[in-house]
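I open this notebook to record what I looked up in the structure below. The entries follow the order in which I worked.

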Amino acid sequence: MINKIKLDKILKKVEKPARYIGMEKNSIKKNLSEVSVKFAFSFPDVYEVGMSHLGMHILYNLINNEENYVCERVFSPWIDMEEEMRKEGLPLFTLENKEEVRNFDLIGFTLQYEMSYTNILNILDLSNIPFYSKDRDDSYPLIIAGGPCAYNPEPIADFIDLFVIGEGEEVTLELLKLYEENKKENWDKNLFLRKAANIEGIYIPAFYDVLYNEDKTIKEMFPIVEGAPSVINKRIVKNLDEMYTPDKMIVPFIDTVHDRITMELFRGCTHGCRFCQAGMVYRPIREKSPDRLMEIAENLLDSTGYETISLSSLSSCDYTSLELLTKQLIEKYEDRKVGVSLPSLRLDSFSIDVLKEIERVRKSGLTFAPEAGSQRLRDVINKGVSEDDLVKAISYAFKEGWSRIKLYFMIGLPTETDEDVMGIKHLSYLVKDLFFNRPPQERKGNFKLTASASCFVPKPFTPLQWYGQDTIEEFMRKIYLVKNSIKDNKVSFNYHDADLSYLEAIFARGDRRLSKLLVKAWEKGCKYDGWSDLFKFDTWMAAIEETDIDPYFYANRTRKEDEIFPWDFINPGVNKSYLLKEYRRAIEGERTPDCRKGCRACGIQNCEMWGVFN
Amino acid sequence: MIFRAVFTKKNYLRYISHLDMVRLFHRTFNMAMIPIKYSEGFNPHPKFSIGNPLSLGVESEEEYMDIEMNKEMDIDEFIERMNKALPEDIQILRAASLEKAPAVSSMIEWSFYELKFMTESEIDLNELSRILQLWLEKDQILMKKMKKKGKGKIEVDVDIKPLIGNLVVKEKDEDGFIVLNSLLKSGEHGNLKPINFLETMERDLFIGIDLESIMLKRLGQYAQENSQIYKPL
């Protein structure tokens, strides 16, 4: 246990000390000397962000549910806390037992976004653990990682002993069981890793080597240890109803990003938007039954005291029994004042009817994501929304009393012209006119439209993985084109930082050679890069220069069709040949319909869509 | 009908802010299925109030809360259900149903504190007692306070002597902390924060208090009638 007098001294000085105390409702504190495997779950961001992440709640309960295992939490301390900890020489500790992270058997990082990588290094440093796996002897905890960014693990491959690729509900316990068995005998990290390499979905980066071509692209990646598979298949949980789902979740004392119950409706998505990594790697589509969800809702409401349930998925309206489920939830819990919230909505009148049902009291704003301003460009990215859909849905929403609309767009999409970019203004003004063309007596509320544009980052395992990102200058030129053209106090235009998206693009499609850049950037003081006020672009550029990294090679270069990618050794179920076919169709502006309207042979095995729709 | 409850706030939970406490109780009422009254309107919220909010970082043995109930409920069952849903360091000690009573927040006049701190050098407890006694016998004890003036703030001297009820040197505990007890004016009708009290003590007397080491705990809260003080429950 860490020095508690020092901790108290620090807690009195820092902002939001409750970030570091644990003790929340449903948190679990076991006696660490009575368990056989100690797992520290680490979310490399601040408490309020990490606690809003559903995956953490699942794995936390999954592991603690096993009598002999313990899972404790550790987050990135905020800047003020870190400063005080370094001043007092206090090492990083877990929230439950206030035990040094260094004394755990495994530390598991969840990789939710690329710009959290420097925070991983910072957590290791604060725990007095060396960065590079080759520098850690058997006395150090095993450093493992999983989550969406593990689909391209290579930029952090030198730091991590073991990656989990795909869904963690089943493989986590398989892994911990193997760990427990090996720890009983004389602990030998290398021997354990060799055995772990046989578990489906486990990737041990040290067991592979990479050869490069003269043009810096990859020539070959191959196993150097016998038994290490040449292809890593992602893990998929087959039946979500039978899958482990916690009946309680930790309830933070302080306000977090999503301070509510989150229930997963289904995994996977059939729309096939070409920019979307989640839509590709989370296939096939698998639903939870409404009965099971009602059961989960009851457990969670009783154990947390929350009053809001958020129904989460990649596209909520696709859930087959959405109307039934929301109706049941609202009827059953009406007197308990439970509200239901529904993010990720599609643009149609059905969605609005559902919303009408659940948002009985106050009509908050509506958010839609056309993603691109012109029909041509929406066809390129296969976003199946037409201007007509938008007009119908929004007119209906205005009729029903909504008046505040948010529209999300991306800038820098393949084949984009200035005309396409100006489509953002066109759509925004169209929506404004829809409101003000209604007879004055039928206009309800104060109209406000916010159009937000983010800078497109091409991601691995998407049809657009070959495409070179726009330069920062080009992004800014396009952004100002729109910004300067919008002159209306009812319409506002926001945009995201192009600098940050540029770095995100470098790491999203990065390879093993980037580890030295991460270390250099961290040494120069980069952390919390996802926080725009803490992001140090100039420092990053200096680190890039000092480590002789060519940012163009990673971010802006359009890849040849036959290039070997750093992530090609992972099999997410969807074939590379399918992604390439989709890439070509994108450039041609050819739409590909939803899987539900016919199978596109993406490569996913045992997909429900086959039986249901063919 | 009003339920008045007394609860603790101990150990690490002293780092939970007043606003977070309100949210915690709100959820606890839900979990424990307490028939609490809700306000009317678009965004109904449960009707309860915590009297005399505690500063962040201060522990308490005795916090007060008034809850407006929708239905009658057995007090013991109320306590049991609440304590099951509450964290172990925030627990209801006692509660009572009141037909009519002024709000607890308007009743509280005094708080009794435990003040703990380390000193830069060894200090004799008898000597400390003597110094503090002399200090309290002064006509005025002035505290620096920032006061709004126009757009800015200015520093003014405030006499805190009437806000001090008593002050006793208790002991030096096993961790080496000097422990004092003190009754200080508290609540809506005048308030002296224990931390400001200690800062003023140090500024006047140079005891050598390590201000970073200070640990505070509220031991009790009192209402006052004439010269008598009494607990609101």
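**Entry 1. Salt bridges.** I began with charged pairs and found 68 salt bridges over all chains of this structure, which is a predicted model. Side chains of opposite charge can pair when their charged atoms come close. As one case I looked up A:Arg235 and A:Glu174, whose side chains meet in a salt bridge at 2.7 Å, N to O. This pair links distant parts of the chain, its two residues being 61 residues apart. I placed A:Arg235 in the loop between β9 (232-233) and β10 of chain A, and A:Glu174 in helix α6 (residues 168-184) of chain A.

**Entry 2. The interface of chain A and chain B.** I next asked how many residues of each chain take part in the contact. I found 29 residues of chain A in contact with 26 residues of chain B. The two chains bury about 2,600 Å² between them, and 59% of this area lies on carbon and sulfur atoms. Which three residues of chain A supply more of its buried area than any other three? I noted A:Lys12, A:Met23 and A:Phe253, which supply 24% of the area that chain A buries against chain B.

I then turned to the charged and polar pairs across this interface. The rule finds 6 salt bridges between chain A and chain B. One of them joins the side chains of A:Asp255 and B:Arg23, at 4.0 Å from N to O. For polar contacts across the interface, I recorded 14 residue pairs, with both residues at pLDDT 80 or more.

I also looked up where the side of chain A that touches chain B comes from. Helices α1 (4-11) and α9 (290-304) of chain A each supply at least two of its residues. The largest share, 5 residues, comes from α1(A). By class, I counted 12 nonpolar, 3 polar and 14 charged residues on the side of chain A that touches chain B.

**Entry 3. The sheet of three strands in chain A.** I traced an open sheet of 3 strands in the order β10-β13-β14 of chain A, with parallel pairing. Its edge strands are β10 (261-264) and β14 (339-341) of chain A, each of which pairs on one side only. From one strand to the next, the twist averages 25°. I found 4 bridges joining β10(A) to β13 (residues 308-312) of chain A, and the two strands run parallel. Which residue of β13(A) stands opposite A:Thr262? I identified A:Ser310 in that position. Helix α9(A) packs on this sheet and touches β10 and β13 of chain A. I noted that the direction of α9(A) makes about 165° with that of β10(A). The helix α9(A) is also among those that supply residues to the side of chain A that touches chain B.

**Entry 4. The sheet of six strands in chain A.** I followed an open sheet of 6 strands in the order β2-β1-β3-β4-β5-β6 of chain A, and its pairing is mixed. The edge strands are β2 (69-75) and β6 (202-203) of chain A, each pairing on one side only. I asked in which sense β5(A) and β6(A) pair, parallel or antiparallel. Strand β5 (residues 162-164) of chain A pairs with β6(A) in the antiparallel sense over 2 bridges. Within this pairing, A:Phe163 has A:Tyr203 of β6(A) as its bridge partner. Helix α5 (residues 117-126) of chain A packs on the sheet, touching β1 (37-43), β2, β3 (106-110) and β4 (142-146) of chain A. I recorded an angle of about 160° between the direction of α5(A) and that of β3(A).

**Entry 5. Backbone details in chain A.** I looked up the peptide bond from A:Arg283 to A:Pro284 and found it cis, with omega near 0°. A:Pro284 lies in the loop between α8 (277-281) and β12 (286-287) of chain A. A:Asn128 is not a glycine, yet has a positive phi of about 60°. I located A:Asn128 in the loop between α5 and β4 of chain A. A:Lys216, also not a glycine, has a positive phi of about 80°. I located A:Lys216 in the loop between β7 (208-212) and β8 (218-223) of chain A.

**Entry 6. A hairpin in chain B.** I closed with strands β2 (residues 48-51) and β3 (residues 58-68) of chain B, which pair in the antiparallel sense over 4 bridges. B:Ser49 stands opposite B:Asp66 in β3(B). The hairpin of β2(B) and β3(B) has 6 residues between the strands, and I noted that B:Asn52 takes a positive phi near 55° there.

Methods. Residues numbered from 1 in each chain as written. Chains lettered and ligands numbered in written order. Predicted model: local features only at pLDDT ≥ 70, side-chain atom pairs only at ≥ 80, totals over all residues. Heavy atoms only, no water. Contact = heavy atoms within 4.5 Å. Buried area = accessible area lost by both parts, 1.4 Å probe. Polar contact = N/O pair within 3.5 Å; in protein donor to acceptor, adjacent residues only side chain to side chain. Nonpolar A, V, L, I, M, F, W, Y, C, P; charged D, E, K, R; others polar. Pairing = 2+ DSSP bridges. Axes fitted to C-alpha atoms, helices over the stretch in contact; angles between N-to-C directions.
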